[in-house]
Amino acid sequence: MLTNKFWPLLDHPNDIAEADYLSLVTVPFPASTSTFLNSKLPLPLMTLYMVGIGLNDEKDITLKGLEAVKKCSKVFLESYTSKLQCDVAALEKLYGKKIILADRELVEKQAEQILEPAKTGDVAFLVIGDVFSATTHTDLRMRAEKAGVDVEIINNCSVLNSVGITGLELYKFGKTTSIPFPEKGFEPETPYDVIKDNLGIGLHTLCLLDLRPDENKFMTVNDAITYLLIIEEKKGGGILTNRTMMIACARLGSKDQKIVYGKAKDLMKIDFGNPPFCLIIPGKLHFMEEDALNKIKK
Ligand SMILES: C[S@@+](CC[C@H](N)C(=O)[O-])C[C@H]1O[C@@H](n2cnc3c(N)ncnc32)[C@H](O)[C@@H]1O
């Protein structure tokens, strides 16, 4: 059976001479290295490993992820959608690799800088948390596949499932929303609308809080609650007050994670320490969920 990894152009027979294509489809697999070297066929492209490295520090990578990173000639770290509790040097030390920080511009507009090296050597693209959770890197994956680069995904945990530690059932979360930094003329009401819709059917809402790690700017729990209460005042939907019970989480997955269940006005007074933060508006609670929340109640 021929695979895309070794015969990347198999899906694109027009790209090679018909004679070569015919010989290609009749070469038995596994083919020896000399078969590659003696044939006129293109050399195999390498693998782009898209690796989730977990939420907290260098030790959260999976064994599978670490093995993949160790064999890569280039290692990129997507650096704009979340924040670890360790610095890049700690990752470099454990992985034994130099890490190149990939900002939004590089990933979204200059992806060839990641894909070109993946044509001649294995490349790792590291994502904090999980690769396809909250931020999807589907675009990069599809571009790589289109370029004939083999892609291997190595998953990890995400903020989307780590909130299970609060005691809320993950099955009972509705749509997730993001609260953005407000700017003049840009104060979307979507987060409020999502919470309203979720509450309408008894579901919990996970609110992700905006961040700009390159500017060391992170939305706090206080900012997020203020944002929601301002929209409540504007829209008057009657779903949130400063007495609404919410759950605020900081640094999930770390030893010093902080998770507090309390009234909005009380959560706003707490110093949650270092980012990242998220906020949960619970929906209808099962008594088990209520018991668990009471243990972290302020
Ligand atoms: C775009 S999501 C990150 C998605 C990431 N790929 C994942 O799977 O977790 C980033 C947002 O998730 C939340 N977040 C991420 N990690 C967190 C953590 N350890 N504790 C609390 N919130 C976190 C923050 O609101 C942050 O702004």
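The numbered points below go through a predicted model of one chain.

1. **Confidence.** Mean pLDDT over the chain is 88. Of its residues, 85% reach 70 or more. The N-terminal stretch is another matter: over residues 1-36 the pLDDT is below 50. That stretch still has 29 contacts in the model beyond near neighbours in sequence. Read those contacts with the pLDDT in view.

2. **Overall make-up.** The chain has 298 residues, and 35% of them are buried. Its secondary structure comprises twelve helices and twelve strands. Take the contacts between residues at least 6 apart in sequence: 73% of them join residues at least 24 apart.

3. **The parallel sheet.** Five strands make an open sheet in the order β3-β2-β4-β1-β5, with parallel pairing. β3 (99-102) and β5 (150-154) are the edge strands; each has a single partner, so one side of each lacks a neighbour in the sheet. From one strand to the next the twist averages 25°.

4. **Inside that sheet.** β1 (residues 47-52) pairs with β4 (residues 123-127) over five bridges, in the parallel sense. One residue pair to look up is Val51 and its bridge partner in β4, Leu126.

5. **Ile53.** This residue is in the loop between β1 and α3 (63-70). Is Ile53 buried or exposed? Ile53 is buried: 29 other C-beta atoms lie within 10 Å, where 20 or more is the cut-off. Leaving aside neighbours within four places in sequence, Ile53 contacts Asp60, Ile61, Gly65, Leu126, Val127, Ile128 and Asn156. Leu126 is also the β4 bridge partner of Val51. Cys157 is 104 residues from Ile53 along the chain, yet their C-alpha atoms are separated by 8.1 Å.

6. **The mixed sheet.** A five-strand open sheet has the order β6-β7-β12-β10-β11. Its pairing is mixed. The edges are β6 (177-179) and β11 (258-263); each has a single partner strand, so one side of each is left without a neighbour in the sheet. Direction ignored, neighbouring strands here are turned by 25° against each other on average.

7. **An antiparallel pair.** Within the mixed sheet, β10 (residues 245-250) and β11 pair in the antiparallel sense. Six bridges join these two strands. Ile247 stands opposite Tyr261 in β11.

8. **Helices across the mixed sheet.** Which strands does α9 lie across? Helix α9 (residues 190-200) lies across β6, β7 (205-209) and β12 (277-281). Its direction is about 145° to β6. Helix α10 lies across β6, β7, β10 and β12. α10 runs at about 40° to β12.

9. **The largest nonpolar core.** This core has 70 residues. Val51, Ala124, Phe125, Leu209, Ala224 and Cys278 touch the most other members. Helix α10 (residues 221-235) gives the most to the core, with six residues. The core draws at least three residues from domain 2 (45-157) and at least three from domain 3 (160-294).

10. **Leu209 within the core.** Leu209 is among the residues that touch the most other core members. What does Leu209 touch, not counting residues up to four places away in sequence? The list is Ile179, Met219, Ala224, Phe277, Cys278 and Leu279. Two of the names in that list, Ala224 and Cys278, also belong to the group touching the most other members of the core.

Terms used:
Residues numbered from 1 in each chain as written. Predicted model: local features only at pLDDT ≥ 70, side-chain atom pairs only at ≥ 80, totals over all residues. Core = buried A, V, L, I, M, F, W, Y, C linked by C-beta atoms within 7 Å. Buried ≥ 20, exposed ≤ 12 C-beta atoms within 10 Å, placed from the backbone. Helix = DSSP H or I, 4+ residues; strand = E, 2+ residues; numbered from the N terminus. Domains from an automatic or database assignment. Contact = placed C-beta atoms within 7 Å. Pairing = 2+ DSSP bridges. Axes fitted to C-alpha atoms, helices over the stretch in contact; angles between N-to-C directions. pLDDT = per-residue confidence, 0-100.
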